[in-house]
Amino acid sequence: MRIMRALMAMVLVWLVAGTVAAQDLRPRVLLTGRSGDDLSGQWTYSKDLYRTGLTDINGWVAKSRMQRYRDVDVAAEEARGGATFFEFDLDRGPQMGIPGAWNSAEAELRYYNGLIWFQRKFTPQALEGRRAFLRFEAVNYRAYVYLNGKEVGRHEGGFTPFVVEITDALRSGENRLTVGVDSRHDDQSIPTEITDWDLYGGITRPVRVIYTPATFIDDATLELTGDGRLAGGIQLSGPGAAGQAVTLTVARLGVTVRATTDATGYAAFDLKAPRGLQRWSPETPVLYDVGFATADDRVSDRIGFRTIAVKGNEILLNGKPVFLRGVSMHEEELGSNPGRIINEASARALLSEIKYGLNGNYVRLSHYPHSEVTVRLADEMGLLVWSEIPVYWTADWDNPAVLDKARRVQAETIYRDRNRASVIIWSIGNETPVSEPRTRFHSALSDTVRSLDPSRLIGAALLVERKTVDGHPVIEIADPLLPKLDVMAVNTYAGWYGDDGLDDLPGMVWDVPADKPLIFSEFGADALAGYFDPTATHKFSEDYQAQYYRRTLAMADRIGNLRGMSPWILKDFRSPRREHPVYQNGWNRKGLLSETGERKMAFEILADYYKDKLH
Ligand code: GCU
């Protein structure tokens, strides 16, 4: 026993020593809640499958004739004649609409998985003593950012924002922004290359130029605490951050609070919640305009105030038990050729099917942080959100650098969304097979979440075990990660994967710990819209999917501490794993909607089930 304890202590030291402290995970610059100048539009691009723009054949620095990021007018240089020549020209390259994944933009890029360079020219505002930044909402998967031929930043991670300062690299007049995007994943990426969704490489979310005073408001938060206070803070950045007067206002609540920043440029707010405060909920998604200001900077955010907690095996929203009536969703707009083009209209079309079509109050944004547009819309429409980082199926569990990568994705997500009332659960992974290293990895992630945001619940979509008791199948939840989670969640596919008959499902025995809320984070069956089989015995038919839902919901009703569900999945989605030539053709067909939004038979079954839950 002593040896075990010593070993565990050593592992613990290694884990902590091998990884950065939670507070050091904060990105250097956040610039949350600012609109800025949007660079969306037509960008030119240049394929670079052999990565010649980054490295030469021997791994040396690339030849200058191939450095796509160079600040050079190739046509003008060529007109001069002489020995110099180039093997690229982003000024005369083809164009593509940004934001959006290249896989849906051009037929020849449908399965392109590698490096592509993008270029956009822009004329900045006059700085006049201000600072300038580029904020990328997401680039999948690695980004190499150059301005006027100078490298200004890099980022790894396909689903979270990052900011690079360009104050010193800007020039007056036309500037040349070049971004190398490498979609390739590997065994050390988060996620690895083994997923059940499409490649979707590219600048997939907006890019903005943001101007700030020399000292600016980098981040500001406000939330309702469990004991009825409004608490938060404001973080300034810049030479004059310390000792600054700052003001918080919530006009509709008659709140004006003044404070002074400390030596680190931070000031906390903490006041009794005003009596008139209306709490946010799916039924009453009330948002307040909250202003944060210094003498020469101001940001505002629209924030809902609610509390979320677990008590025994209940989930309490604003102190009352809630059942999560939801569905899982990938970040993919409706349509036959989606490109992760998520804007107000495409996000609203998806979330409306959940809120109004399915009578839902909840959505699992799987398997990675979705666009801020979607999360803000969930705030506005009144949908609770399960937010998830892509620690999916497998990772290099024993590698501290990979754990740090996962923790950074988690931190970038929390710093982006911690003012979002809709977000109630941070999920630290999906379907990762149990092993010592895996449980250590997830436990460290759970600790990171707890230290960065103790106000929300921690979850993970776990695998179930199966055992036989007295000749009967019993489904068991016995994951060693459970003590590090506030809610248990499992993906269960009995009746689809494996040989259970649909009529076996209602009688299935579940052996579940009773002391925590349980969520069915996934269950589902494929169906090709329009393929009907009245016998409901052929998989891939709508009838089979509908009967699968009837039987699985009957099984769910017999689990006493089931507190929510997010069946897999709202709509059919692209996946190169799914290539049955009749039923799939590169689509995972577990959607309740077809890829174009056609409702399948099972849609109404779930909608009716949730309607009954309303009473
Ligand atoms: C898994 C996984 C999903 C996948 C689904 C399926 O549970 O979490 O990402 O798409 O099963 O098999 O369709």
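Domain bounds here come from an automatic or database domain assignment. For this protein chain the assignment gives domain 1 (37-188), domain 2 (216-296) and domain 3 (318-613). The model is a predicted one, in which local features need pLDDT of at least 70 and side-chain atom pairs count only at pLDDT 80 or more, while totals for chains, interfaces and linings use all residues. Residues are numbered from 1 along each chain as its sequence is written, and side-chain values use heavy atoms, with hydrogens and water left out. Between the C-alpha centres of domain 1 and domain 2 the separation is 38 Å.

The strands come next. Helices (H or I, at least four residues) and strands (E, at least two) are DSSP runs numbered from the N terminus, and two strands count as paired if DSSP finds at least two bridges between them. Strand β16 spans residues 288-293, and 5 of its 6 residues are buried, that is, under 20% relative accessible area with a 1.4 Å probe and protein chains only (exposed is over 50%, partly exposed in between). β16 pairs with β13 (residues 245-250) in the antiparallel sense over 3 bridges; there, Leu248 has Phe292 of β16 as its bridge partner. β16 is also joined to β17 (residues 298-303), again antiparallel, by 6 bridges. One of the bridge pairs is Ala293 with Arg298 of β17, and a hairpin of 4 residues connects β16 to β17.

Further along the chain, an open sheet is formed by 3 strands in the order β27-β28-β30, with mixed pairing. Its edge strands, β27 (465-469) and β30 (509-511), each pair on one side only. From one strand to the next the twist averages 35 degrees, where axes are lines fitted to C-alpha atoms (for helices over the stretch in contact) and angles run from 0 to 180 degrees between N-to-C directions. β28 (residues 472-476) and β30 pair in the parallel sense over 3 bridges, and Ile475 has Trp510 in β30 as its bridge partner.

The empty space is described on a 1 Å grid over the protein atoms alone: a cavity is a set of points where a 1.4 Å probe fits but cannot get out, a pocket is an open set with protein on both sides within 12 Å along at least five of seven lines, and lining residues have an atom within 4 Å of a point. Grid points are joined across faces, edges and corners, and a volume is the space filled by probe spheres set on the points. The structure holds 5 cavities of 30 Å³ or more, and the largest cavity has a volume of about 140 Å³. Its lining consists of 17 residues, with Thr32, Gly33, Ala220, Asp301 and Asn419 nearest the centre. Domain 2 (216-296) and domain 3 (318-613) each contribute at least three residues to this lining. At least two lining residues come from each of β11 (216-224), β17, α4 (372-381) and α5 (400-417). By class, the lining of the largest cavity has 4 nonpolar, 5 polar and 8 charged residues, where Ala, Val, Leu, Ile, Met, Phe, Trp, Tyr, Cys and Pro count as nonpolar, Asp, Glu, Lys and Arg as charged, and the others, Gly among them, as polar.

The largest pocket has a volume of about 520 Å³. It is lined by 24 residues, and Gly33, Arg208, Glu372, Val373 and Arg376 are the closest to its centre. β17 and α4 each supply at least two residues of the pocket lining, and α4 gives the largest share, 6 residues. The lining of the largest pocket has 5 nonpolar, 6 polar and 13 charged residues.
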